[in-house]
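Here's a quick walk through how two chains meet and how one of them is built. Have the viewer open as you read.

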Amino acid sequence: MNPVNTAAVQPSAGGTAVLQLQDLVAGYVPGMPIVQGASLRVDVGEMVTIIGPNGAGKSTLMKAIAGLVRIESGRIDLRGQSLLGRASDQIMQAGVGFVPQTGNVFATLSIHENLRIGGYILGAELTQRLEQAYAMFPVLADKRRQKARTLSGGQRQMLAIARALMTNPSVLMLDEPSAGLAPMMVQEVFESLHRLSRQGVSILMVEQNAKGALQHSDRAYILVEGRNHLDGAARSLLDDPAVAAAFLGAARRRVDA
Amino acid sequence: MILQALTDGVFTGAIVSLGAIGLSLTLQIMRFANFAHAEFMTIGAYLALAVVTFIGPGTPTMGLSFGWQLLLAALLASVLAGAMSWWLDLLVFRPLRRSGAASLVLVFAAFGAALVLRHILVLIWGHDSYFYTRELQLGVMILPGMRVLPDQVFILALTVLLVIVLHLYLTFHRTGIAMRAMAESPTLAQVCGIRVDSVVRTTWLISGFMAAMAGVFSGLTPQLHPELGSNLLLSVFAAAIFGGVGSLPGAVIGGLLVGIAENLFLLVANPGYKPAMPFLLLLGVLWLRPQGLLGEKSS
């Protein structure tokens, strides 16, 4: 675990960075950044979680990577290529899959149509990718003609993930994938994300359910007031009494409530 | 009497439906009420008139008052009107969107654009009425008390065909699905890699095309004048809202109901009150079922 680390990010042991952020400053209103110099990296096949108190800028950070929020300074590199100045659709084409927190599926479209839109930029390989998506999430295959709004919360989240995976992104970003789900479903979502990362999908997620997320992650960053506060292996953060007192207890109460 | 009013209502309704489809698409995807929409009906009608002036309306065939030339003119006019409706977006609406203008600003801009467009037409063609063809058509009695013109039947058939083609496009084509996705959530659509500009362009092209077709059909029964579109504006809005914004079958059913209601209304009221009918319908719908007949409740 590295204590307060706002300068250079230490590369984790021997990995190759898929996504790397350096001193990112971003926000909605010019001159009033919400993300105030955050740095992080995600390596190939790694599952990385960002936790932190409400208003720490976690979601904004994710939207900034996705091109939905103004970036004032800093760097975002995907496999060594800068994503700065690109529009959302270009960032997605470059290899970033994004599952936003709310409204992450098209409720009025069928499951099949949602996946087709997920693979919008694909050409001939669309059919094959659709089959792979259904093989990965059989529950979706059974309901492919149904409207997405008929799905349960957990199934929606599966659809959102399957949708974001359609293009085989270099990194899959999820904003609070456990929000609003029943406790059992939370476990299932975390476990399927963990499985995905073991299959080589690099994952970056933001979570309020810090404990559950850390249990399934490789590494984590704690963001406070838009800056890196702590980072390290998920295990060691979980075992750190100071972290538990400051960040895990509160998050847990929120989830239990 | 009632049977004839119903029949006439269906024919008027078909034209209103075509107008309502385009309006409904732009209402949902562009997220503002495009009051310039009706002008593209007029533009389409006059563009077709320009073509007909050169190649003629054709020899009447199969009881119709025109030949294939008018169809060709309608097609050319509609494609051009579609392009013009996209150009209007590039010229007026897109710069406003980019500057973050509220949707009410876009509505006012559309009002202004409508006035400019209408007066450009008046500058070119003047206030006189025009006819595509001077052929006289006799109604054919198909049931006791129910007469139809062959032109009307043709218009209805072509409307049905256009609606089916558009429905298939929105259901199965990737751009059609992307349009529905954009209508629900522009942000999520962008995150999925959809190029917003290309969906917006397609939306304007289709909406202008449909409006122009409605305009030509309206000009056929029986004449063209600069207020052709603006006279239909309220009916078209009523139909789109009546059917449920964003629902293609809704716009069609809404159009038919508005057409029928207007014609039934004439049986009991002075024709001078006819323009009030869409207003009454609109009020009724907004009061009883604000999301429209087939509309989705907004989330």
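## Where two helices cross

In this predicted model, helix α3 of chain A (residues 111-118) packs against helix α6 of chain B (residues 174-184), with their axes 10 Å apart and at an angle of about 105°. Angles of 65 to 115 degrees count as roughly perpendicular, so that's what we call α3(A) and α6(B).

Who's doing the touching? On the α3(A) side you'll find Glu113(A), Arg116(A) and Ile117(A), and they meet Arg174(B), Ile177(B), Ala178(B) and Ala181(B) of α6(B). Sort the residues of this contact by type and you get four nonpolar, three charged and no polar ones.

## The wider contact between chains

Zoom out, and the contact draws on 21 residues of chain A and 17 of chain B. On the chain B side, α6 and α7 (186-191) each chip in at least two residues, with α6(B) giving the largest share, six residues. That side of chain B breaks down into seven nonpolar, five polar and five charged residues.

## The sheet in chain A

Chain A also has an open sheet of four strands, paired antiparallel in the order β2-β1-β4-β5. β2 (35-43) and β5 (81-82) sit at the edges with a single partner strand each, so one side of each has no neighbour in the sheet.

Strand β4(A) (residues 70-78) and β5(A) pair in the antiparallel sense over two bridges, and Leu78(A) stands opposite Gln81(A) of β5(A). Lying across β1 (17-27), β2 and β4 of chain A is helix α1(A) (residues 58-65), which runs at about 115° to β1(A).

Methods: Residues are numbered from 1 along each chain as its sequence is written. Chains are lettered from A and ligands numbered from 1 in the order in which they are written. This is a predicted model: local features need pLDDT of at least 70, side-chain atom pairs count only at pLDDT 80 or more; totals for chains, interfaces and linings use all residues. Two strands pair if DSSP finds at least two bridges between them. Two residues are in contact if their C-beta atoms, placed from the backbone, lie within 7 Å. Axes are lines fitted to C-alpha atoms, for helices over the stretch in contact, and angles run from 0 to 180 degrees between N-to-C directions. Angles under 35 degrees count as roughly parallel, over 145 as roughly antiparallel, 65 to 115 as roughly perpendicular and the rest as oblique. Ala, Val, Leu, Ile, Met, Phe, Trp, Tyr, Cys and Pro count as nonpolar, Asp, Glu, Lys and Arg as charged, and the others, Gly among them, as polar.
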